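Here's a walk through one protein chain and the ligand it holds. Have the viewer open while you read, and we'll begin right at the binding site.

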Amino acid sequence: MDTTTARWGALGGLGAMSIGAAIALRERTARRTPPEPAEGAPRIVILGAGFGGLTAARTLVERLAPGQAAITLVDRTNYHLFTPLLYQIAACGVDPWDTAQPVREIVRGDGITFRQSTVQSVDLDARTVALDTGTLPYDYLIVALGSTTNFFHESSAEQHALPLKTIPEALAIRDRVIGAFERAATLPDGDERRTLLTFVVVGGGATGTELTASLADLLYNVLPPQYPRINFAAVRLVMIESEDRPITTMAEKLGAAALDRLHAQGVEVILKTKASEIGADYVKTDKGETIKTATPIWATGVRANDIAAGLASAHNKGGTLTVDDALRLPDHREVYAIGDNAAYTRPDTHDLAPMLAWVANQQGKTAAENIAAAIAGDAPAPFHLRPLGSAVSLGRNDGAAQLGPVAMDGVLGWLAWRAIHLAKISAFRSKLGVALDWTYAYFYRRDTARLIPASDMRS
Ligand SMILES: Cc1cc2nc3c(=O)[nH]c(=O)nc-3n(C[C@H](O)[C@H](O)[C@H](O)COP(=O)(O)OP(=O)(O)OC[C@H]3O[C@@H](n4cnc5c(N)ncnc54)[C@H](O)[C@@H]3O)c2cc1C
């Protein structure tokens, strides 16, 4: 470890710890235990404890008097997932539990009823939600079920590619990558070994680029000492992107910087190309090339969750629900759709709001405020999108951040990315865990212990 590395690492670690300590102070404010809701109090049901759903729940608690409404929050998992760090789980950068916060811990003392259940369907006319654990009636409903991977009707991708939307999916990628090295280490040089040592990421948007940069760090910096019999010059990492540069959602300069960084890391970036077919051991492109790989990763495309897409209401792109300016369904003003479920058209640009965490947060707040207003007999307020910045990490000491008109790359972009993500993670334990994981990984080696699926252990 050189002195510059140590200095930056120590700075990052200290910064992370200070942010964690500051948030801890805020989180430790006393929690009250509100009274039970009064008989006949309005029933507010929030579907999804992601970014939008949790913000809505917290805002309702702030805006309503204790016990004024019965608030129920439903999620199929009992944790809130911090999706921006999923790729780091896949690339052995952070531990899975540091990105998952128990929902009951987050809403503790807020008077919210949490139900870990899977939503099966919503009957908009009967005003009921069918769960796998029973039926929930509502007076107001917030649909915040997020998105799912969009394979764009490519069944071969759905069958063979590894998506990245959930913790089990991130762990599956981690397991496949490390497993490929374990298997390759037992084989002589040849086709099978070359296929195992080739990794393909389909999609060069923010997620695909971050994942690729982090995998490059893992493959070319972390793993070589552990596999002395593998020639790492033969290890291939390929990223396929349909546009002419990575992360087209950011300034052109940042896309160019990301491309330079990936090239410097040894990544083969194939631009203006789409994956047209994926098999268990290959990716075919629309340019006619076939790349043999045992690890095809799908980091492109999202669409609205199936429940939202199946609701009997007007839909827009990717199954998202059309909403009015107050985020309500046009024919059911008691139902709000937010975040990745909402097709909200900005009145100024006529663009759809992007599927991003900060959009879900802002919409969760507005939906909750409008429900509180409706309960008070007041008119709802229109939603106003306040664009925030975005940032991507490009591996060690490198990143890209776009904060309004300001575009930062290199170390500044990387520091901005770390600060933004640490500040956004909702609980102290996770902030501290992530900060420690990052600091540890900066100075030492990442944890590459292969996580063996329970099914394998039984066999
Ligand atoms: C890998 C990855 C990286 C990302 N990085 C960033 C980033 O850096 N910055 C950024 O701004 N955005 C990022 N995003 C996008 C961001 O995660 C989403 O825009 C945001 O999560 C949307 O919030 P939401 O509340 O609509 O849905 P979510 O946060 O996805 O929450 C939906 C919730 O619904 C639950 N749910 C789903 N189906 C059911 C069901 N049938 N029954 C019960 N519960 C259900 C889920 O468990 C989940 O908790 C990333 C997304 C991914 C996948």
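The shell around the ligand splits into 14 nonpolar, 11 polar and 4 charged residues. For that split, Ala, Val, Leu, Ile, Met, Phe, Trp, Tyr, Cys and Pro count as nonpolar, Asp, Glu, Lys and Arg as charged, and the others, Gly among them, as polar. Before going further: this is a predicted model, where local features need pLDDT of at least 70 and side-chain atom pairs count only at pLDDT 80 or more, while totals for chains, interfaces and linings use all residues. Residues are numbered from 1 along each chain as its sequence is written, and side-chain values use heavy atoms, with hydrogens and water left out.

**The ligand site**

In total, 29 residues surround the ligand, and the closest are Gly52, Asp75, Thr83, Val119 and Asp340. A residue makes the list if one of its heavy atoms lies within 4 Å of the ligand. Which helices supply at least two residues each to this shell? They are H2 (51–63) and H11 (357–375), and H11 gives the most, with 3 residues. Helices here are DSSP runs of H or I with at least four residues, strands are runs of E with at least two, and both are numbered from the N terminus.

Three polar contacts are worth pulling up; the term covers a pair of N or O atoms within 3.5 Å, and within protein one atom must be able to donate a hydrogen and the other to accept it, with residues adjacent in sequence counting only if both atoms are side-chain atoms.

| Residue | Atom on the protein | Ligand atom | Distance |
|---|---|---|---|
| Asp75 | side-chain N or O | oxygen | 2.6 Å |
| Asn305 | polar side-chain atom | nitrogen | 2.9 Å |
| Arg76 | polar backbone atom | nitrogen | 3.0 Å |

Taken alone the ligand exposes 990 Å², and the protein buries 90% of that. Accessible areas come from the Shrake-Rupley method with a 1.4 Å probe, and for residues only the protein chains shown count as cover.

Thr77 is in the loop between strand S2 (70–75) and strand S3 (79–81). Its side chain reaches the backbone oxygen of Tyr79 at 2.9 Å. Setting aside residues up to four places away in sequence, Thr77 touches Phe114 and Gln116, where a contact means heavy atoms within 4.5 Å.

**The chain overall**

Zooming out, the protein chain has 14 helices and 26 strands. Of its 459 residues, 52% are buried; buried means under 20% relative accessible area, exposed means over 50%, and partly exposed is in between (1.4 Å probe, protein chains only). The accessible surface of the chain comes to about 20,500 Å², and carbon and sulfur atoms account for 53% of it. Take the contacts between residues at least 6 apart in sequence: 68% of them join residues at least 24 apart.

**Three helices**

H11, the helix we met at the ligand, has 14 of its 19 residues buried. From first C-alpha to last it reaches 27 Å, close to the 27 Å expected at 1.5 Å a residue; the expected span is 1.5 Å times one less than the number of residues. Just after H11, Gly377 takes a positive phi of about 85°.

H8 (206–222) is largely enclosed by the rest of the structure, because 14 of its 17 residues are buried. The C-alpha span of H8 is 23 Å, close to the expected 24 Å.

What do the buried residues of H9 pack against? Their partners are helix H8, strand S13 (236–240), strand S14 (268–270), strand S25 (399–403) and strand S26 (406–409). Those buried residues are Leu254, Gly255, Ala257, Ala258, Leu259, Arg261, Leu262 and Gln265. H9 has 14 residues (252–265), and its end C-alpha atoms are 20 Å apart, in agreement with the 20 Å it should span. Just after H9, Gly266 has a positive phi of about 95°.

**A few single residues**

Positive phi turns up outside glycine too. Arg127, with phi near 55°, is in the loop between strand S6 (119–123) and strand S7 (128–131), and counts as partly exposed at 35% relative accessibility. His153 has phi near 60°, belongs to the loop between strand S10 (147–149) and helix H5 (155–160), and counts as exposed at 84%.

Finally, Ile420 is in helix H12 (410–424) and is partly exposed, with a relative accessible area of 21%. Beyond its neighbours within four places in sequence, Ile420 contacts Ala391 and Leu403. Its C-alpha is 9.3 Å from that of Gly389, 31 residues apart along the chain.
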